[in-house]
Amino acid sequence: MTLIDRRRFISGAAGLVSAAAVSGTIPGITMGTASAVAPIRLPGVARLSFVHLHTGEKLALTFRKEGVYDQGALAEVNNILRDWRTGEAVDMDLGLLELLVRLRHKLDTKGPFEIISAYRAPATNAALAANSGGVAKKSYHMRGMAVDVRVPGIRAENVYPVARGLKAGGVGLYRKNDFVHVDTGPVRTW
């Protein structure tokens with residue numbers, strides 16, 4: 001298998017994991033919950049790195065090796081993607097993490113995702129929605145299924161079509177603040 005064929009296979013396999021999780025065909029894994037993580041046999045490793053713009057925290061790690069999710073690494077991811085206003089954390093959706101791996105690969109970048117917002121406690125989301133027309137009252141952020149990111153060195157308007165092309169959930173472009181929203185809800189764009 002050539003490198004390009006392998007990349008297509010891995011990218012497609014990650015998409016199948018998201019689709020299977022949505023349909024409930026992988027026991028123990030459903031969209032929005034990662035608490036009952038069962039091993040999924042995806043080839044290779046999955047790495048992510050983050051810089052949280054509100055807390056200054058940084059994280060770079062491998063969270064999946066040869067189909068097995070590292071529970072300690074997932075706990076670290078859940079911590080950095082917590083609601084930075086309340087400190088509350090949830091198990092982030094595995095499909096979202098795999099989506100970020102695919103996005104990073106498609107953008108051909110090794111740099112960290114700059115986190116603007118990930119998990120939001122219901123009270124945080126309600127307060128934001130009350131003060132802004134751009135915050136959904138039933139946001140996927142409250143289910144650990146969404147993240148707002150910047151990619152250093154790549155403008156959001158260039159990240160947006162790549163994320164849209166993955167067809168793995170919702171994708172929103174926020175030009176004014178130069179970030180992209182991605183989630184593992186239904187495929188839609190704004």
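These notebook entries record what I looked up in a predicted model.

**Entry 1. Strand β1 and its partners**

I began with strand β1, which spans residues 45-52. I asked how many of its eight residues are buried. The count is six, and I noted the strand as mostly covered.

I then looked for the strands that pair with β1. Strand β2, residues 58-65, runs antiparallel to β1, and seven bridges join the two. Within this pairing I found V45 opposite K65 of β2. Five residues lie between β1 and β2, and the two strands form a hairpin. In the turn, I noted that G56 has a positive phi of about 80°.

On checking strand β4, residues 113-117, I found that it pairs with β1 in the parallel sense, over three bridges. Which residue of β4 is the bridge partner of H52? I recorded I115 in that place.

**Entry 2. Aromatic pairs**

I searched the whole structure for aromatic pairs and obtained two. In one of them, the ring centres of F63 and Y69 are 6.0 Å apart; their planes meet at 20°, so I entered the pair as stacked. F63 is buried, because its relative accessibility is 0%. Y69 also counts as buried, at 5%.

Y174 and F179 make up another pair, likewise stacked, with 4.7 Å from centre to centre and 10° between the planes. I asked whether Y174 is buried or partly exposed. Its relative accessibility is 26%, so I listed Y174 as partly exposed. F179, with a relative accessible area of 10%, is buried.

**Entry 3. The largest nonpolar core**

My next subject was the largest nonpolar core, which has 39 residues. I asked which of its residues touch the most other members. They are F50, F63, L81, F113 and V182. Helix α3, residues 94-107, gives the most to this core, with eight residues.

I followed V182 further. Leaving out residues up to four places away in sequence, V182 touches L96, L99, L100, M145, A146, V147, A163, G170 and V171. Three of the names in that list, L96, L99 and L100, I met again among the buried residues of α3.

**Entry 4. Helix α3**

I then took α3 by itself. From its first C-alpha to its last, this helix of 14 residues reaches 20 Å, close to the 20 Å expected at 1.5 Å a residue. I recorded the helix as mostly covered, since twelve of its 14 residues are buried. Charged residues appear in the buried list too, including E98, R102 and R104. Just after the helix, D108 takes a positive phi of about 55°.

**Entry 5. Salt bridges**

A search of the whole structure returned six salt bridges. I examined several of them in turn.

In one, the side chains of E57 and R82 meet at 3.0 Å, N to O. This pair links distant parts of the chain, 25 residues apart: E57 is in the loop between β1 and β2, whereas R82 is in the loop between α2 and α3. I noted E57 as partly exposed, because its relative accessible area is 25%. R82 counts as buried, at 15% relative accessibility.

In another, the side chains of D148 and R120 meet at 3.6 Å, N to O. D148 belongs to strand β5 and R120 to the loop between β4 and α4, so the bridge ties together parts 28 residues apart in sequence. I found both D148 and R120 buried.

I next turned to E157 and R175, whose closest N and O atoms are 3.1 Å apart in a salt bridge. E157 is in helix α5 and R175 in the loop between β6 and β7, so this bridge ties together parts 18 residues apart in sequence. E157 is partly exposed, with a relative accessible area of 36%. R175 is exposed, with a relative accessible area of 56%. Salt bridges with shared partners join R155, E157 and R175 into one network.

**Entry 6. S139**

Finally, I located S139 in the loop between α4 and β5. Is S139 buried or exposed? At 6% relative accessibility, S139 counts as buried. Setting aside its neighbours within four places in sequence, I found S139 in contact with R120 and N125. R120 had already appeared in my notes as the salt-bridge partner of D148.

How values were computed. Residues numbered from 1 in each chain as written. Predicted model: local features only at pLDDT ≥ 70, side-chain atom pairs only at ≥ 80, totals over all residues. Heavy atoms only, no water. Buried < 20%, exposed > 50% of the residue type's maximum accessible area, 1.4 Å probe, protein only. Helix = DSSP H or I, 4+ residues; strand = E, 2+ residues; numbered from the N terminus. Pairing = 2+ DSSP bridges. Phe/Tyr/Trp six-rings, centres within 6.5 Å; stacked < 30°, edge-to-face > 60°. Contact = heavy atoms within 4.5 Å. Core = buried A, V, L, I, M, F, W, Y, C linked by side-chain atoms within 4.5 Å. Expected span 1.5 Å × (residues − 1). Salt bridge = Lys/Arg side-chain N within 4 Å of Asp/Glu carboxyl O.
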